[in-house]
Amino acid sequence: MLKLPKHVPVKYKILNGRKVPVCDFEGKCKNKASKEVYPGLLFKNAGWANLCEKHFQEEQKRLKNKLVYWPIKLKKHLRS
C-alpha cells in the first residue's frame with residue numbers, strides 16, 4: 001500500500017488573480033504545473049509531484065509512458 005506524507009509543501013504563484021501550482025522538477029523550474037504525477041505507484045518511497053508540460057513529456061519518455069498522472073484544474077479567482 002502506498003503511504004504518502006500527510007503534509008506535502010506545494011509551491012504556488014498568483015497568475016491573473018488565480019492561485020496556480022508551480023512545477024517542482026528538481027526545484028529549478030518556475031513554470032505553471034499542468035500534471036500531477038504519482039511515481040510512487042511505480043517506485044517505492046516516491047510520493048507525488050507537480051510537473052509542467054515540458055518536464056512531464058521528458059519523464060514520460062524516460063519511463064516509457066508508464067507514469068501515472070492526473071491533470072491539474074485551476075481554482076477560481078481568489079476574491080472572497
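The protein chain exposes about 6,600 Å², and carbon and sulfur atoms supply 55% of that area. Accessible areas here come from the Shrake-Rupley method with a 1.4 Å probe, and for residues only the protein chains shown count as cover. This is a predicted model: local features need pLDDT of at least 70, side-chain atom pairs count only at pLDDT 80 or more, and totals for chains, interfaces and linings use all residues. Residues are numbered from 1 along each chain as its sequence is written, and side-chain values use heavy atoms, with hydrogens and water left out.

Start with the whole chain. Of its 80 residues, 26% count as buried. Buried means under 20% relative accessible area, exposed means over 50%, and partly exposed lies in between (1.4 Å probe, protein chains only). Next come contacts, meaning heavy atoms within 4.5 Å. Take the contacts in the protein chain with a separation of 6 or more: residues 24 or more positions apart account for 46% of them.

Now the secondary structure. The chain has one helix and five strands. Along the sequence they follow the pattern β-β-β-β-α-β. Helices (H or I, at least four residues) and strands (E, at least two) are DSSP runs, numbered from the N terminus.

Which strands form the open sheet, and in what order? Three strands do, in the order S4-S3-S5, and the pairing is antiparallel. The edge strands are S4 (49-51) and S5 (69-71), and each pairs on one side only. From one strand to the next, the twist averages 30 degrees. Strands of a sheet pair through backbone hydrogen bonds, either parallel or antiparallel. Two strands count as paired here if DSSP finds at least two bridges between them. S3 and S5 run antiparallel and are joined by three bridges. Across this pairing, Glu36 stands opposite Trp70 in S5. Helix H1 packs on the sheet and touches S3, S4 and S5. The direction of H1 makes about 110 degrees with that of S4. For such angles, axes are lines fitted to C-alpha atoms, for helices over the stretch in contact, and angles run from 0 to 180 degrees between N-to-C directions.

Charged side chains come next. How many salt bridges are there? The count comes to two. A salt bridge is a side-chain nitrogen of Lys or Arg within 4 Å of a carboxyl oxygen of Asp or Glu. One of them joins the side chains of Glu53 and Lys35, at 3.6 Å from N to O. Glu53 lies in helix H1 and Lys35 in strand S3 (residues 35-37), so this pair ties together parts that are 18 residues apart in sequence. Glu53 is partly exposed, at 37% relative accessibility. Lys35 is buried, at 15%.

In another salt bridge, the side chains of Arg62 and Glu59 meet at 2.8 Å, N to O. Both residues lie in helix H1, three residues apart, about one turn of the helix. Arg62 is exposed, at 53% relative accessibility. Is Glu59 buried or exposed? Glu59 is buried, with a relative accessible area of 14%. Helix H1, its home, covers residues 53-62. Not counting residues up to four places away in sequence, Glu59 touches Phe25, Leu51 and Leu67.

Finally, look at the cysteines. A disulfide is a covalent bond between the sulfur atoms of two cysteines. In this model, a pair of cysteine sulfur atoms must lie within 2.5 Å to count as one. The structure holds zero disulfides. Why is Cys29 not bonded to Cys52? The closest cysteine sulfur to that of Cys29 is in Cys52, but it is 3.8 Å away, so it is too far for a bond. The view from Cys52 matches: its closest cysteine sulfur is in Cys29, at 3.8 Å.

Cys52 is buried, with a relative accessible area of 3%. Cys29 also counts as buried, at 12% relative accessibility. Cys29 is found in the loop between strand S2 (18-21) and S3. Which residues does Cys29 contact, leaving aside its neighbours within four places in sequence? They are Val22, Cys23, Cys52 and His55. Cys29 and His55 are 26 residues apart in sequence, yet their C-alpha atoms are 9.0 Å apart in space.
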